[in-house]
Structure formats: C-alpha cells, structure tokens
Protein chains: 2
Amino acid sequence: MRSGPQAGDALGIRSPRVKAARQLAKRAFRERARSFLAEGPQAIREAIASEGVLTELFVTGQGRSRHPELVEQAARQGAGVHEVSGEVMAELAQTITPQGLLGVCRFVDQPLSSITSAAPRLVAVLANVRDPGNAGTVLRTADAAGADGVVFAAASVDPYNSKCVRSSAGSLFHLPVVAGQELAAAVGELRAAGLQVLAADGSAEHLLEAAGGPDLTRPSAWLFGNEAWGLPEELLALADSVVAVPIYGKAESLNLAAAAAVCLYTSARQMRTGRTLLVGE
Amino acid sequence: MRSGPQAGDALGIRSPRVKAARQLAKRAFRERARSFLAEGPQAIREAIASEGVLTELFVTGQGRSRHPELVEQAARQGAGVHEVSGEVMAELAQTITPQGLLGVCRFVDQPLSSITSAAPRLVAVLANVRDPGNAGTVLRTADAAGADGVVFAAASVDPYNSKCVRSSAGSLFHLPVVAGQELAAAVGELRAAGLQVLAADGSAEHLLEAAGGPDLTRPSAWLFGNEAWGLPEELLALADSVVAVPIYGKAESLNLAAAAAVCLYTSARQMRTGRTLLVGE
C-alpha cells in the first residue's frame, strides 16, 4: 500500500490519492471519508502521537529533509507516505507555507459520554460558533486552561475545518472533542454529570467574580456563542447562570476567543484556589 | 469641497478621490497622507465621535439608506461625502461586506507622553507583533480591560493596517494608541511614569498569580511579543519580571491574544480587589 520514499515516485496532481486528499478541503467529503487534513510539522507530530490517527502523509523533498523523524515515524505506524512536488503540496494545502508536510487523519471526535463519564470539572461548549479561527482558538485555550473536553454544538463550525485545525495548534488531538451535538441535549447531559451550566454573554446581569454571581469554584460547563449574535434567548434559558466579562473601558464587547480565555482561566484559577475574591462594583 | 449627496454624482473607479483612497490600503501611502481607511458602520460611528478624524466618507446607495444618520453627521462635521457604486466600494474595501460605508480618517495615534502624563495604571505594549488580527484583538482587549493606552513598539504591525483596524472593533478610537516606538526607550519612559514592566512569555519562571511572582495590584505595563518567536532575550531583559500564563492542559502555548486577555484581566481584577489569592503549585 505504501508508496516508496524516493523522490522519483512523486505523485502528480492528477493522481487519485492527491485528488482524494484535495477533496477533504470540503466538509461533505470529510464526513464521507471520516478523515481530515492536518498541515505542518506540529499537527503531524500531534497526529502521530495519537496512534492510528494518521493514515497518509504527503511530503515534499524539503519537508522530508527538514523532518526526517516525522516521515519515519509515520511510515512505521503504517501511514502511506507519498512524495509530492512543491506545486502539488501548494494545491493540497490551505496555508501558504505548510512546511512540506500534510497528513490525512481519521476523525478524532468522541461521544459526549467520553467527557461526562470522566468526572469533568471544566468543559467548553461552542454554540453556533461559525468562525473557524475563533473556534480553534477557544479549543486551544480550553486545552491550556485544563478543560476536560470541548463540545461543538448547534450550528458551530466543523472542528475539522482546516482553519479550525490550524488555530487549535494541536489541541484537537489533546482532549476529548465532541462534534455535531444538539445543544439542549448536550447541556442536559453535562448538568447530569454534575456541572453547573454558565453562559457567557456580554449583556448578562452578573459580572464575572462580582457579588451575586455563580460560585466559580464549582465544576462548570461554559457556553460560548457566536460573537456577533451572542447567545439567543432560548440558549440563555438553558444555563443556570448568565455571566458577562466586565468591560472597564469603552469597548462594546470582547472578541469571543478573548472572552472565553478570561472565563475559562477564571474558572481554572478559582477551582485551584478554592476561593473567590469578589471584585467590587 | 463636498460632492453632492445624489446618486447621480457617483464617483467612478478612475476618479482621483477613489484612487487616492485606494492607495491607503498601502502603508507607505498611509504614512505620506497620515490617513487610513475605516470600514463599516461601527468604525464610522467611532470616527465621527472623535471630532475632526473623519475627512471623507464613501457611501453606496444601500449604505446611505441603512445609515442615513451617519451620512448626515459626517457631512455636518465637514467630511466630504461621496456616493459610489457597489463595484467601486468593493474595490475600495478590504472586507467582503463593508456594509456600504468606508471612511478616510486622520491618524489618531498620540505621543507616549499622552499615556505617561496621565498617571497610567495599565498599559499594553506590543513588541514585534506582526499579525494585524492579533494586534487589533489585543488593542480591543486592552480597551475592555480598562487600559490607559496601547503602545505599538519595535517592528509591530502598523495600527492602521485594515485588518488591525477591523479587529480592534472601534478601540483604535477609544484610548491613546502610540505607534512607531523604539521599545527600550518606551519601556524606560513607562517605568519612569511609575509602572512596573512585566513581560508575558510562555517559558517564564514565574506563573501568573503563583508565589514569588510580581505584585499585580501595582500599576503595570505588559509587554507582549510575537506569538511564534516569543520575546527575545534582549526584550525580556527590559522587564522587571517575566511571567507565564499557566498551562494546565497539554497545549504548548496560548494564542497571543488569549494570553494577553488573561494577563490584562488578571491585572485589572487585582487592581480592583487590591488583593491576590495565590494559585498553589
């Protein structure tokens, strides 16, 4: 199955393998193949670390000479390694500089029970987050904040969108990611697993860490909505509390990823200190 | 000077005014004219709120019918209002949907003394931040966190880059923005104004809010570097303390804008509570 590692075997742009990989830029084809593209050495390294995820690796001569260990590890795991020219790589890749490595990976999302059965303390739920860069950044931030999983719910972007994969900077491979969830059902299961449900919304009555707000030392699932729309009434109604990040200056609002960073790190810190210092009004 | 508000007067793509405005997509032309482009109703509203900033407004028929009050206010301030077709607007705008309004604005940056003379308590300094989306998001987040100014230093992106203007979501017009600073000199002046200088770097010895770190209830200037490179040794050496946002999960690092959100909001909160709860190791 594996093509030889010699430059002479380089696959052309019309090769069926290259064509099949190119199609994975589209969601419908990804869902049919249950596979997605990961670009660049960092993503390939993370994919290799999850045994059985990487199925094919496209590599340019330069990519091979810069990252020989990744090419070797991929081959050892049984991934098909295909040499391609820089031109073919440019056709395959969504980034300008994929650094000579592009992999086909099996979907890594898991059922919601993989989160709820593991005594979760911090979960991020994306509700109608359409911007793939924002979604990937929230995934990366949730990973950094020690979250137990990230749920892509309602009409959120596909986590395998190439920009989302790239923005996640490897975090897609680090923690349980759950995709395609209906929001109300997911919220019900997370609550049944002992999490309070907090919705982040700029127009909320409660400010983060102000008197009267929720106890952030408790295990929590945070709902984050589409930046432009915020969370609609019916989603806010699903939450135990709706909380705003305070705006001390003149900005109308925060970028979604920045708001999520503040909320998730506030929860992470309060769970670790076990205490709250309220910010006076 | 003002062209008439009738659709019949619409300027063509070859009109000198349209050509001059198009050139402002390039930094060299912006610096020569000391003017930049602001797109969409939110930015135009903010520009109008700063008297004398908006000098010209290009508007489509649809833009005028959706935002008649903005067109009227612009004209009342003496800005030249120019009707253009959707095609000309598409040529002028950097976004796909500028919503029919695009303005030419005078530069709004200020000297560093506008920050240092006003008893600052929180300042963000961008050092070699090249990505305009990240820079604009940090500017917006600093505004939200109540910062007293943002300094674009060293080889950072031009704050008037269209993507930076857009990502700032109006914050470019809200608080003192200082551009084109040499970093060591700026840091010296900020320290002389009573600010401790904190560098955010993922590889730092001190973790945010851990024992042994800096006192975040004190007025602070935060240095944020290019995400990929971090802060080089000679810039880290300029800081009183180097601090990392703790990584509780498997992520290698945070996105620059997310790290800045956590650092700036931690400072804002500690200054308001006047106390620190240390996160145990």
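Here are some friendly notes on this predicted model, starting with how its two chains are related and ending with a sheet in chain B.

1. **How the copies are related.** Turn chain A by 180 degrees, with a shift of 0.0 Å along the axis, and it can be laid on chain B with an RMSD of 0.0 Å. The two copies are thus related as by a two-fold rotation axis. The same surface is used on both sides of the contact, because 100% of the interface residues of chain A are also interface residues in chain B.

2. **The extent of the interface.** In this contact, 37 residues of chain A touch 37 residues of chain B. Between them, chain A and chain B bury about 3,100 Å², and carbon and sulfur atoms give 63% of that area. If you would like some residues to look at, try A:R140, A:Y248 and A:L277: these supply 21% of the area that chain A buries against chain B, more than any other three residues.

3. **Polar and charged pairs.** Across the interface of chain A and chain B there are 20 residue pairs in polar contact, counting pairs with both residues at pLDDT 80 or more. The count of salt bridges between the two chains is 2. In one salt bridge, the side chain of A:R269 meets that of B:E209, at 3.2 Å from N to O.

4. **Which elements build the contact.** On the side of chain A that touches chain B, the elements giving two or more residues are α3 (40-49), α8 (132-144) and α12 (256-273) of chain A. Of these, α12(A) gives the most, with 8 residues.

5. **The sheet in chain B.** Moving away from the interface as a topic, chain B has an open sheet of 4 strands in the order β1-β4-β2-β3, with mixed pairing. At its edges are β1 (35-39) and β3 (80-83) of chain B, each of which pairs on one side only. From one strand to the next, the twist averages 20 degrees.

6. **A pairing to inspect.** Strands β1(B) and β4(B), the latter covering residues 101-106, run antiparallel and are joined by 5 bridges. For a specific place to look, B:A38 has B:G103 in β4(B) as its bridge partner.

7. **Helices on the sheet.** Helix α1 (residues 16-23) of chain B packs on the sheet and touches β1, β2 (54-59), β3 and β4 of chain B. The direction of α1(B) makes about 110 degrees with that of β2(B). Helix α3 (residues 40-49) of chain B lies across β1, β2 and β4 of chain B, and runs at about 35 degrees to β4(B).

How values were computed. Residues are numbered from 1 along each chain as its sequence is written. Chains are lettered from A and ligands numbered from 1 in the order in which they are written. This is a predicted model: local features need pLDDT of at least 70, side-chain atom pairs count only at pLDDT 80 or more; totals for chains, interfaces and linings use all residues. Side-chain values use heavy atoms; hydrogens and water are left out. Copies are superposed by least squares on the C-alpha atoms of residues with pLDDT of at least 70 in both. Contact means heavy atoms within 4.5 Å. Two strands pair if DSSP finds at least two bridges between them. Axes are lines fitted to C-alpha atoms, for helices over the stretch in contact, and angles run from 0 to 180 degrees between N-to-C directions. Buried area is the accessible area (1.4 Å probe) that two parts lose on being put together, summed over both. A salt bridge is a side-chain nitrogen of Lys or Arg within 4 Å of a carboxyl oxygen of Asp or Glu. A polar contact is a pair of N or O atoms within 3.5 Å; within protein, one must be able to donate a hydrogen and the other to accept it, and residues adjacent in sequence count only if both atoms are side-chain atoms.
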